[in-house]
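Biologist: I should like to go through this model with you, element by element. Please give the reasoning before each result.

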Amino acid sequence: MITSQRSAWQSHRPTENRFFGGRLPFIAHETRTCEATLSQSKPGARITSLLVLVWLTAPLLMATVAPPNVLIIVSDDQGYHDLGCFGSDEIKVPHLDDLAGQGVRLTNFYVTWPACTPSRGGLLTGRYPQRNGIYDMIRNEAPDYGKKYTPQEYAVTFERIGGMDIREILLPRLLKQAGYVSGIFGKWDLGVHQRFLPLARGFDDFYGFCNTGIDYFTHERYGVPSMYRNNRPTQTDKGTYCTYLFQREAERFLRQHHDQPFFLYVPFNAPHNASNLDPAIRGAPQAPDRYKNMYPHLQAKAGYIKRTRYGKEATAPNRDLKRLEYAASLTCMDDAIGRILELLEQFHVADNTIVIFFSDNGGGTGSDNSPLRGGKAQMFEGGNRVPCIIRYPKHIAPNTTCDAFLTALEIVPTILKVVGVRPPQDLVLDGYDMMPVLTDQAPSPRTSMFWQRRRDKAARVGHWKWVDSQRGGGLFDLSNDIGERHDLSKERPEKLKEVKTQFTQWQKEMDASEPRGPFRDY
């Protein structure tokens with residue numbers, strides 16, 4: 001159900017049509033004037049008036065038929081509560097809060113996996129991780145124990161050679177048939193070899209890193225240089241905070257391509273922990289000092305503690321320092337988002353651009369996931385339910401909240417429907433067009449969702465959620481227990497059986513699907 005909202009975080013910008021810098025009322029007035037006088041004019045004057053009418057209305061007609069642009073922005077490990085529009089009175093993200101005021105907040109929105117790689121694969125394919133083949137992480141675990149690879153060692157590790165099956169069709173490839181130009185600037189996370197990189201998957205422009213995390217300043221992943229431009233590694237920008245770089249590249253892309261249909265994908269790594277072997281750094285995100293200065297109450301208590309890392313005593317950030325770096329990295333990211341949105345306005349394409357923002361999974365270090373239970377890597381709501389905002393002027397009402405059950409699997413089908421692209425007949429998509437839901441024209445077709453991470457399992461069927469994991473489990477009624485505090489397994493055994501049966505049926509469907517690498521045996 002869609003409800004209207006008015007809160008302190010909301011934008012108070014006017015909601016009138018912003019085509020051509022707000023000149024639409026003038027065009028409409030002049031058009032009516034021409035129409036009224038056309039029949040009363042002499043033949044020569046009629047031709048002149050007709051030409052004036054065409055000149056006045058042509059931009060409007062072109063704007064009406066122009067294919068919509070697509071902007072997807074993803075944060076990394078952001079907590080459910082960590083936006084003003086989702087309840088925080090601490091985190092400063094005015095541009096995202098303003099975006100929510102201009103669009104719809106999705107409060108019941110899920111990703112396909114509770115951590116990086118499979119969540120991103122599900123987003124870009126519109127398919128469950130178990131169907132597209134990326135149902136676990138593409139990462140090396142040795143750095144968790146202090147291992148620094150030599151270049152020769154790293155070249156043959158799974159993190160270097162693994163990637164999404166090349167038979168998978170990603171969103172930019174589908175959009176290309178409609179003439180879209182696509183760019184990605186930020187975290188790719190679906191493979192490093194050239195056959196896996198963005199340019200081989202339909203993107204036209206790429207600047208970013210390919211694995212699950214980096215140091216924000218050195219751009220190294222546990223000592224391994226990790227930044228790429230298109231198909232080539234680069235260290236040209238080493239030392240520059242990476243959020244600034246992703247903003248820079250997104251701006252460049254918009255300046256070059258704003259006059260044609262575009263898909264701009266900006267997956268920031270903020271506020272993910274820094275991938276640095278130094279325990280004093282890797283235990284938190286990183287942020288520029290100017291943004292940390294915006295949180296003096298955290299600075300006053302921020303510091304370091306002694307703890308065990310790699311089997312020996314080490315210096316690590318305390319809780320307040322983790323929160324400080326986390327909050328400041330979000331505010332910096334928000335400023336970058338604000339600049340990107342400002343360019344849409346500057347180029348007069350904001351009204352014809354669908355903007356989607358969400359976190360790739362539940363909150364990690366330094367985050368606030370309240371009122372949800374758990375966080376990143378867990379099957380509870382805090383691992384899979386994330387904040388989401390969508391703006392699409394003149395289609396989605398501003399200042400609204402959508403509590404309908406929706407997921408990231410809906411993004412590909414929705415965008416294809418909006419832009420008028422039909423997927424191949426043999427391509428199985430696991431999502432639905434959610435635009436009728438967001439425009440309050442229909443209830444959500446989503447009635448169930450399933451997750452599996454090794455031995456951890458979860459399913460949501462209607463408002464019932466079942467979790468079976470190493471961190472705990474149970475059956476929960478989300479309609480009155482969003483925090484998953486009350487296990488109803490014994491009180492509602494018939495419902496538990498129903499949900500588990502549907503999970504088993506889903507497993508069988510995934511097992512029967514055409515196998516994909518890199519994990520599956522076929």
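Biologist: How many bridges join strand β18 to strand β19?

Modeller: The model is a predicted one. Strand β18 covers residues 456-461 and strand β19 covers residues 464-469, and the two run antiparallel. Within this pairing, K457 stands opposite D468 in β19. The number of bridges joining the two strands is five.

Biologist: Which strands are the edge strands of the open sheet with the order β17-β18-β19-β20?

Modeller: The sheet is open and has four strands with antiparallel pairing. The twist averages 5° from one strand to the next. An edge strand pairs on one side only, and this applies to β17 (448-453) and β20 (472-477).

Biologist: What angle does the direction of α17 make with that of β17?

Modeller: Helix α17 packs on the sheet and touches β17, β18, β19 and β20. Its direction makes an angle with that of β17 of about 70°.

Biologist: Which residue forms a salt bridge with E509 of that helix?

Modeller: E509 lies in helix α17 (residues 493-512), and its partner lies in helix α5 (residues 129-132), 378 residues apart. E509 is partly exposed, with a relative accessible area of 43%, whereas the partner is buried at 6%. The N to O distance is 2.7 Å, and the partner is R131.

Biologist: Is R120, which forms a salt bridge with D360, buried or exposed?

Modeller: The closest N and O atoms of R120 and D360 are 2.9 Å apart. R120 is in helix α4 (residues 116-125) and D360 in the loop between β13 (353-359) and α14 (381-384), so the pair links distant parts of the chain, 240 residues apart. D360 has a relative accessible area of 0% and is buried. Because buried means under 20% relative accessible area, R120, at 1%, also counts as buried.

Biologist: Which residue forms a salt bridge with E153?

Modeller: E153 is partly exposed, with a relative accessible area of 32%. Its partner is partly exposed as well, at 30% relative accessibility. The closest N and O atoms are 3.2 Å apart, and the partner is K147.

Biologist: Which residues are linked in a network of salt bridges?

Modeller: The count of salt bridges in the model comes to 39. The residues linked in a network are R127, D165, R167, E168, E514 and R516.

Biologist: Why is strand β14 described as largely enclosed by the rest of the structure?

Modeller: R385, P387, I389 and R391 point one way from β14, and V386, C388 and I390 point the other way. Both sets are buried. Strand β14 (residues 385-391) is therefore largely enclosed, the number of buried residues being seven of the seven.

Biologist: Which residue is the bridge partner of R105 in β14?

Modeller: Strand β3 (residues 104-110) and β14 run antiparallel and are joined by five bridges. β13 also pairs with β14 in the antiparallel sense, over four bridges, and F358 stands opposite C388 in β14. For R105, the bridge partner in β14 is I389.

Biologist: Over how many bridges do β2 and β13 pair?

Modeller: Seven of the seven residues of strand β2 (residues 69-75) are buried, so this strand is largely enclosed by the rest of the structure. β2 and strand β10 (residues 262-267) pair in the parallel sense over five bridges, with V266 in β10 as the bridge partner of I73. L71 has V355 in β13 as its bridge partner. β2 and β13 pair in the parallel sense, and the number of bridges is seven.

Biologist: Are α9 and α13 roughly parallel or roughly antiparallel to each other?

Modeller: Helix α9 (residues 242-257) and helix α13 (residues 319-346) have axes that come within 9 Å and cross at roughly 10°. Among the residues that meet are Y244 and L254 in α9 and M333 and L343 in α13. Because angles under 35 degrees count as roughly parallel, α9 and α13 are roughly parallel.

Biologist: Over which residues does pLDDT stay under 50, with 41 contacts beyond four places in sequence?

Modeller: The protein chain averages a pLDDT of 91, and 88% of the residues score at least 70. Over residues 45-55 the pLDDT is below 50, and this stretch has 10 contacts beyond near neighbours in sequence. Where pLDDT is low, the predicted coordinates should not be read in detail. The stretch asked for is residues 11-41.

Note on methods:
Residues numbered from 1 in each chain as written. Predicted model: local features only at pLDDT ≥ 70, side-chain atom pairs only at ≥ 80, totals over all residues. Heavy atoms only, no water. pLDDT = per-residue confidence, 0-100. Contact = heavy atoms within 4.5 Å. Salt bridge = Lys/Arg side-chain N within 4 Å of Asp/Glu carboxyl O. Buried < 20%, exposed > 50% of the residue type's maximum accessible area, 1.4 Å probe, protein only. Pairing = 2+ DSSP bridges. Axes fitted to C-alpha atoms, helices over the stretch in contact; angles between N-to-C directions. Parallel < 35°, antiparallel > 145°, perpendicular 65-115°, else oblique.
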